[in-house]
Amino acid sequence: GLTSVCFLCGHFAAHTNKVRSRNRDYATVTSSLRFPQHRPQLHPQKARDALRAQTYPAPGHALGHDAVVWLGDFNYRIDGGLSSDQIREMIAKGETHKLCASDQLAEEHSEGRVFEGFTEGAISFNPTYKFDAGTSDYDSSPKARAPAWCDRVLYRGREISLVKYTSCPSITFSDHKPVAALLTVQVMLPLQGEGG
């Protein structure tokens, strides 16, 4: 087909106070990663649309694909002065929607400091970090790390849309719960008789 899709996976700096380091991790990968320029010739209508909207990124750039998906352990935490106990209490009461207001990634994203042009689905699942491995119990070690949505999926592109965004709470072998995003991508096919 004539549609390029790029998946980027990252593990950004840990700890609550390392927000700027996480933002730099994203910026470093996004600005320095280059791909071979084996991009097929654009469909004429698609090329006209891209030129008109001035949205066609530089060939070979990480963001120069029709659809880009970033996923991984980005390590952004729940902040806002909330203690681990307060966060756990809100989770127990089913008030995770209130915790979203203190989510570092949501704040950095809304301020345009990271993942500019990307979209994340609404978070309707409990924080995915930090669990006692092999259980669904939040960290009971002496550190009692605060729960957070460290694990995320964000996407961009005019031809990509989200169907479902969720976590996988039944998976217990890690101190994280995996997240999953079901996405659809509209793929441009060559015209009849064209190569590619």
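**Exercise 1. The lining of a pocket**

Task: Sort the lining of the second largest pocket by class, and find which residues lie nearest its centre.

Solution. Start with the classes: the lining of the second largest pocket has 7 nonpolar, 4 polar and 3 charged residues. Keep in mind that this is a predicted model. Next, look at the lining as a whole, which is made up of 14 residues. Those nearest the centre of the pocket are His15, Thr16, Arg77, Arg145 and Ala146. Finally, add the volume of this second largest pocket, about 210 Å³.

**Exercise 2. Reading the chain from end to end**

Task: Work out how many helices and strands the chain has, and in what pattern they follow one another.

Solution. Begin with the count: the chain holds 5 helices and 5 strands. Then walk along the sequence, where the pattern reads β-α-α-β-α-α-α-β-β-β. For the chain as a whole, 39% of the 196 residues count as buried. One more step concerns contacts with a separation of 6 or more: 72% of these in the chain are between residues 24 or more positions apart.

**Exercise 3. Checking a helix**

Task: Compare the expected span of helix 1 with the distance between its end C-alpha atoms, then find which of its residues are buried.

Solution. Helix 1 covers residues 19-32, which makes 14 residues. At 1.5 Å a residue, the helix should span 20 Å. The end C-alpha atoms are 20 Å apart, so the two values agree. Now turn to burial: Val19, Ser21, Arg22, Asn23, Tyr26 and Thr30 are buried in helix 1. What lies over them? The cover of the buried residues includes strand 2 and helix 5.

**Exercise 4. Pairs of opposite charge**

Task: Take three of the salt bridges in the structure, and decide for each whether the partners are buried, partly exposed or exposed.

Solution. A useful idea first: side chains of opposite charge can pair when their charged atoms come close. A search of the whole structure turns up 7 salt bridges.

Step one is the pair of glutamate 89 and lysine 93, whose closest N and O atoms are 3.2 Å apart. Glutamate 89 has 46% relative accessibility and so counts as partly exposed. Lysine 93 reaches 53%, so this residue counts as exposed.

Step two is the salt bridge between arginine 113 and glutamate 108, with 2.8 Å from N to O. Arginine 113 is partly exposed, at 42%, whereas glutamate 108 is buried, at 9%.

Step three is glutamate 120 with arginine 152, where the closest N and O atoms are 2.6 Å apart. Glutamate 120 sits in the loop between helix 5 (104-110) and strand 3 (151-156), and arginine 152 in strand 3, so the pair ties together parts that are 32 residues apart in sequence. Arginine 152 is buried, with 1% relative accessibility. To finish, note the network of salt bridges that links Asp103, Glu120 and Arg152.

**Exercise 5. A histidine in a loop**

Task: Place histidine 61 in the chain, decide whether this residue is buried or exposed, and list what it touches.

Solution. Histidine 61 belongs to the loop between helix 2 (44-53) and strand 2 (67-73). With a relative accessible area of 18%, histidine 61 falls under the 20% cut-off, so it is buried. Beyond residues up to four places away in sequence, histidine 61 touches Thr30, Ser31, Leu33, Arg34 and Phe35. Leucine 33 gives a good example: it is 28 residues from histidine 61 in sequence, yet their C-alpha atoms are 6.7 Å apart in space.

**Exercise 6. Two neighbours at the end of a strand**

Task: For serine 167 and cysteine 168, find the element, the exposure and the contacts.

Solution. Take serine 167 first, which is found in strand 4 (residues 160-167). Its relative accessible area is 12%, so serine 167 is buried. Apart from neighbours within four places in sequence, serine 167 is in contact with Phe125, Thr128, Pro178 and Val179.

Cysteine 168 comes next, in the loop between strand 4 and strand 5 (179-185). At 23% relative accessibility, cysteine 168 counts as partly exposed. Leaving aside neighbours within four places, its contacts are Lys177, Pro178 and Ala180. As a last step, take the spacing to valine 179: cysteine 168 is 11 residues away in sequence and 6.0 Å away in space, C-alpha to C-alpha.

Notes:
Residues are numbered from 1 along each chain as its sequence is written. This is a predicted model: local features need pLDDT of at least 70, side-chain atom pairs count only at pLDDT 80 or more; totals for chains, interfaces and linings use all residues. Side-chain values use heavy atoms; hydrogens and water are left out. A salt bridge is a side-chain nitrogen of Lys or Arg within 4 Å of a carboxyl oxygen of Asp or Glu. Buried means under 20% relative accessible area, exposed over 50%, partly exposed in between (1.4 Å probe, protein chains only). Helices (H or I, at least four residues) and strands (E, at least two) are DSSP runs, numbered from the N terminus. Contact means heavy atoms within 4.5 Å. On a 1 Å grid over the protein atoms alone, a cavity is a set of points where a 1.4 Å probe fits but cannot get out, and a pocket is an open set with protein on both sides within 12 Å along at least five of seven lines; lining residues have an atom within 4 Å of a point. Grid points are joined across faces, edges and corners, and a volume is the space filled by probe spheres set on the points. Ala, Val, Leu, Ile, Met, Phe, Trp, Tyr, Cys and Pro count as nonpolar, Asp, Glu, Lys and Arg as charged, and the others, Gly among them, as polar. The expected span of a helix is 1.5 Å times one less than its number of residues.
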